[in-house]
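Could you walk me through this model in my viewer, one selection at a time? I would like to know what to pick next and what I will find there.

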Amino acid sequence: MNPIVLQILFAAISLFVILNWGLILGGITARIQARVQGRIGIPVWQGYIDIIKNYFQRTSISHGIMFYLGPIFRVAGGVGTYMFIPAIFGSVLFSNFHFAGDVILVMYFVFFGQLGMALGAGESGHPYSAIGVSRGLAQMTAFEVPFALSVIALAAQYHTLSITDIVAAQQGGFVHWTLFTNPFAVIAGVISLLGMNMHNPFSVVIAPQEIPIGPPTEYHSSFLALLQTNRAIFNIAKLVLFMNLFFGGATTIWGMLIKTFSLYMVTIFVGVSFPRFRVDQSIRFFLRVPTVIGLAAVVFAILVF
Amino acid sequence: MLSPLYLFAVALGLAFLFGLFDRIGRAISMTLLYAALAFFVLISGSWLVHLLGGAAPVLIQTAGFPPPFAIALRMGVEEALVTLFANVVALLGAVYLGRRLKSGPVTGIVLYLLVVMGVNGMVLTRDLFNLFVFIEITSISTYAVLGMQRSGASLASGFKYLMAGGIASTLFLIGVIYIYRVSGTLYLDGIIQSGTLFAGGVGFLAFFLLLASILVELKPFPANGWALDVYQSGHTGLAALIAAVNSAGFLFAFYKLLPVLPEAALPTLVGLGLFTFFFANLIGLRHTDARRILGFSSVAQVGLVAAAAAFGRLTGFGAVVTFVVVGGLFLNHLVAKAGLFWTAGILGPKGSQASAADSPAAKLPAPFIAAFGLLIVALVGLPPFPGFWAKWQLVVRLVSGGNWVWLGMLLSGSLFEAIYLLRWFGTTVAVRRAASAAADAEEVTRTVPAFVPAPKGVELDEAESEGSPAKCGALILGAILLSATGAVMTLLSGEFALVQMLPVAAAVALFVLDLLPGKLKGVLSLAIIAAAAYLIVPSLSGLRWFFELIFLVGGGVILISSLSRKGRQVGYYPLATMLVLSLGSIAAAVTALDFIFAWELMAVSSYLLVLRGDRTGKPSLRYAAFSIGGAFLLMTGFAAAAAALPAAVREIPAIVAAAGGQAVAWLSSFVSGLSLSGLTAGISIDGLLGIGNAAGSALSGAAASAGAAPGLVLAAMILLALGFLMKAGAIGVHVWLPGAYGEAEDDASALISSVMSKAALFAIMLFVGLLGLRAAGVTGGPLANGALSAAASLPEIVAWVGILTALFGAMMAVFQEDVKYLMAYSSMSQIGYMIAGVGMMTHLGWTASMFMAVNHLLYKGMLFLAIAGVIQRTGTRSMYRMGGLIKKMPISYISALIGIIALSGVPPLPGFGGKWLFYTALLEKGWYLMAGVAFFTSTVAFLYLFRFIYTVFLGQLKTRFQQLKEASVWLLIPQVLLIIGTIAIAAFPSIVLTPIMNIVSGFFPATVRWENYTVISTLGYWNGSLVMLVTMGVFITPLVWLLLVSRKPQVVKQFNMVYAGERPDRPETTHYAHNFFQPYSRALGFLVKPVFVRFWNAVNEGVHSIAKAFDNLYSGNGQTYALHILLYVVIVYFIMRGSL
């Protein structure tokens, strides 16, 4: 078969796996959260039900072309991000299009979906959307700082920006994971991940009681279905990226499932334990201790490696 | 040849006969006056031609005996030149004063003629007592003519003048007596030849008294209160006469006396002149009355000419150097000052005030404003006027002589002068524009309130402030005369390529054609730029080629937008074309002088463009001040570099030498024995940087660095870096930037921000980057020392300045409500990245920087033009007043969208390529902290970009914009071109990256390589084409899917949305836009405290306070002024005595 077609086919398979894992992971964590709070919770396949239901909504409204394209941008952003990450080390099937660029590409491609979605939501004219975006962007500038520092520390440590090479450098037992070779970088990175995932205490962006779910307020029916699909994919894409950077990557699909699940549990654990920050509080938070930890990671990498 | 004696015969004869002729009719007297003055011009003019043709200077013996037995007059080139200019200005002045002379008593005409005659006499005579006689004739006629103006202030000032003149005359007379006693002759050449005058103490005292008299007449600070009062309260025509013509006489007298003095006395005179120059200009800052500031400027300029003359004597200027430096400064002052006094008169007492609400400026024709502008530009010392050439040569000499204090006084004084003169000009232009805007307010779609209410057509003092055609004509002729002098100086500069005159020539041509319709002129401008690009670009290579493309092609594309303008657009096209072409000249400059020349032309044209904006009083002045201040640093830096590096670098490339040679050959056909020796400072840029030629490659090694002065190299680099960082708007010196970018006309903002901003980048690459490289190369040699290694590490400091500029520029952009200020700060931020890229001094860093430069040109052009369209349609610049415009202006929206995606660095557009290169370069270099700051900065960019596109194009459409149309097609065409360019680069980055990498490989070893479509660095890789494909794939697939499942969603109205039981009332209250990032400001607002604005304001305040303290010297009391004079003379005596 033509290698390009084959590559696209592999990417589609890889994406399909990730989508399902993302939906199920969402269900599992929702259920765990419910149990923590003493409820029974939703069935694990609730994600599928939601998406199917939304596609079959009888009415569908649009506020304009950009509004229509917003979810497309979002999905493209999520899928694209995943496409540039090699999901399983050494697996051709899960290598995706990682040869298009290195970790800087992934870090910037994340913005593609966010920006497009924000624009689409903006055209709805709903003030809550704009307020949500304003908060989200403000918070983003802050949590990206420790993350960027931890990536810089990795570049200093491994002398490469290629995700594959970073994973390769962590092979040969868990003591080679970044988690153990440069724990500062991992701490800074994982704290950033909390911000990226927008669970408590960093959930003011979508604050349901205040600005009903923020940016996607006006989205529904098939638009919302697309956004939900993306949420599943994008969630896993981020987790896979962190797994690759900090936790030795994965050589098998089971390894990938376990590692991403565990990593996500950190977010859930923190999320159920803490109340919400105001935006300015979370900005200050990220720019203080996590940033210092990030700097420590860089200094550590320079001194040690 | 006509004997100069006719000057006196005609003047004295007519003076007696005027009474008679006047009985017949005033018209006869006036005709005779003009004829007499024209005759004066003829005499000196014919002598000048004769003498330049090779004739020997003539000594005219008045009574038939050789001196010392009779008075001798000398007619040499200097005398002919000075009298020619003085007579021309006197003739123009008579035209200016025409109506007044016509209506007053006939004595006015007589006195006017006598003043002019007296000045001619002062210039020509070689006899000291005769000099005294002519001084007296001039002075007494001047008092009398001042006294004819029957206002109290004028009489009082005339009396003060009389008093000062009396003291000076007394000193002179006593001096003359003693000189005769000591040397036995009053014949100047006799005294010089015998050289025995200073043998005893008496001789010095005698000569000092004489010199002191002349010094007092030159109105030195602080003994010049009397003169300032005369300038302010006398009729402007008379003030012009005193400032220009009378000063010519006294300055020449001073010049004549210099050879008598021993060398040891000269530094004192240089110091005194510059002291006056500095303080007069400092105090001038405090004043807004046009005549008062012109008075300060006159005093200052006379001091400067005297200082230059003394300095020339001290360091032995040759004939040509004297002409360019002393003559240049002097002629510049003579013509410009007279013209500006006339301008002040035409504008009237109200027009000369800063806050003129009802100035007659509005009614004056465009050529008047043009002439006004030319004279101001000339007086400030900008090219192509004589003052520029003079200042450059003077700076070079001061630096090579190590006269740093004098240099500081010269440059800071010049800066002060520039500020107050441009303030006056700027105010006048603003008033004029406001008035004309009010006049055709119906046609103007913009509803921005005018800066100043329209004039109400007040009745003006008829005698003083009427802009009659004759008056304006005199002014315009003066400006033309000065321009011609500037052209001669330009030819004389020798090393200077004529092609560099292209911007000026194009501007002049377009200004002459200004009556044509605007669109036609626009097409002409584009044609000129296209032709220039066609001719110049292929002749260049490397960095020059790259930046020439950016400047000319980028400038041309953006200039297309100006075709959307309606009406004739007087003055716009000459300036815009001049700006683009001067940028082209910067890239093509071969010598440092070329470079400075083009750089200043860019500053002038962009300043005037900014001035055309709506609310540009302060911003344009601030811009001018920083531009000029920066240019002075550059001049000094170049001069220091030339002084520091070995003589071998001063080879002038053949092509320039050839062009300069032609010019000189042409001039030689008029001037026999013309020799430019000593004139050229000859700093070849390539030679300086050690690139490209044999001399350079030899010099980059240690062997050729013998003779280099490491301290000076460091000083040169710091000065150059500071000057260019100022122009780049680096943090700390950025305070001019937002105003200049933001307040210019909307399409001009695009030009300035997207094209002109690269000039600083180009310059930093050359003169910080490559010069640093050279310094580093020299470090390894025998010269290795601290200064050079410091010079080599300068780029790192510059990189930090760049990255902080990027950070704070972005931060400030986040909190702007005005869309143009937001974009202006964004430009500042983006330029900061590029500077940081240069500072890395690696292959990747420079590649990143240049790649970002191309991108910035594209996206900032798009963004500013899209904004221009929006502002044109909505009539506001406040973003929160807009909203929902995507529905009305979809193409502008697409342009803005592409622009922000490209700017933010989101793949797949080429902004990401820039970011990728930049981070990779930083990480490769090991500058991790800077990489962190850069990443933070680039996320902050998302904030302001989203805010911009959301609050302008998305959200709620306001009711009053329901009928809005898409922007003018002429604005859209360049945007579409830029979009096509952006997409092309996104799909195939190599079309831009490969040439850039090749250019940079000439300076640094490459650390990146291409593998098919992938760029591979030591750290990572990036395949732009593949990213583009994948992005399209992941975008189109869900789009097709959505189109399948949700083909026809119901399109709803604006307010149809989920709103929690509340009903949206009006778009204004529903559009979340004002203070968009309030939480962000709560967390990080402390970062954008206007620390630097406060700092510069404090500097401004401080300077003004000091100026005020000195200004208090001028009490207006004649007795105090007399005391000042006496004290001044005594103090100068002791200083000079001590120096001998």
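Start by selecting chain A and colouring it by secondary structure: this predicted model gives the chain twelve helices and one strand. Follow the chain along its sequence and the order reads α-α-β-α-α-α-α-α-α-α-α-α-α. The radius of gyration of chain A is 19 Å, close to the 19 Å that the globule rule gives for 305 residues, so chain A is as compact as a globular protein of that length. Turn the C-alpha trace about its principal axes and you will see spans of about 60 × 55 × 40 Å. Of the 305 residues in chain A, 62% count as buried. If you draw a contact map, count the contacts with a separation of 6 or more: 78% of them in chain A join residues 24 or more positions apart.

**Next stop: where the chains meet**

Now show chain B as well and select the contact, which takes 67 residues from chain A and 61 residues from chain B. On the chain A side, the elements giving two or more residues include strand E1 (61-62), helix H3 (65-83), helix H4 (103-123) and helix H5 (127-158). Further along the chain, helix H9 (221-246), helix H11 (279-287) and helix H12 (289-304) of chain A are also among them. Highlight H5(A), since this helix gives the most to that side, with 17 residues. Colour the chain A side by residue type and you get 40 nonpolar, 19 polar and eight charged residues.

**Zoom in: one serine**

Pick Ser282(A), which is found in helix H11 of chain A. Is Ser282(A) buried or exposed? Ser282(A) is buried, because 25 other C-beta atoms lie within 10 Å, and the cut-off for buried is 20 or more. Leaving aside neighbours within four places in sequence, show its contacts: Gln139(A), Ala142(A), Gly195(A), Pro201(A), Phe202(A) and Phe277(A). For a distance across the chain, pick Ala11(A) too: Ser282(A) and Ala11(A) are 271 residues apart in sequence and 37 Å apart in space, C-alpha to C-alpha.

**Last stop: a helix pair in chain B**

Select helix H7 (residues 152-183) and helix H10 (residues 225-233) of chain B, whose axes come within 8 Å and cross at roughly 150°. That angle makes H7(B) roughly antiparallel to H10(B). The crossing of H7(B) past H10(B) is left-handed. Show side chains for the contact: H7(B) brings Ala153(B), Ser154(B), Ser157(B), Lys160(B), Tyr161(B), Met163(B) and Ala164(B), while H10(B) brings Trp226(B), Asp229(B), Val230(B) and Ser233(B). By type, the residues of this contact divide into six nonpolar, three polar and two charged.

Definitions and conventions: Residues numbered from 1 in each chain as written. Chains lettered and ligands numbered in written order. Predicted model: local features only at pLDDT ≥ 70, side-chain atom pairs only at ≥ 80, totals over all residues. Axes fitted to C-alpha atoms, helices over the stretch in contact; angles between N-to-C directions. Helix = DSSP H or I, 4+ residues; strand = E, 2+ residues; numbered from the N terminus. Parallel < 35°, antiparallel > 145°, perpendicular 65-115°, else oblique. Left-handed = near helix turned anticlockwise from the far one by under 90°. Contact = placed C-beta atoms within 7 Å. Nonpolar A, V, L, I, M, F, W, Y, C, P; charged D, E, K, R; others polar. Rg over C-alpha atoms; globule rule 2.2 N^0.38 Å. Buried ≥ 20, exposed ≤ 12 C-beta atoms within 10 Å, placed from the backbone.
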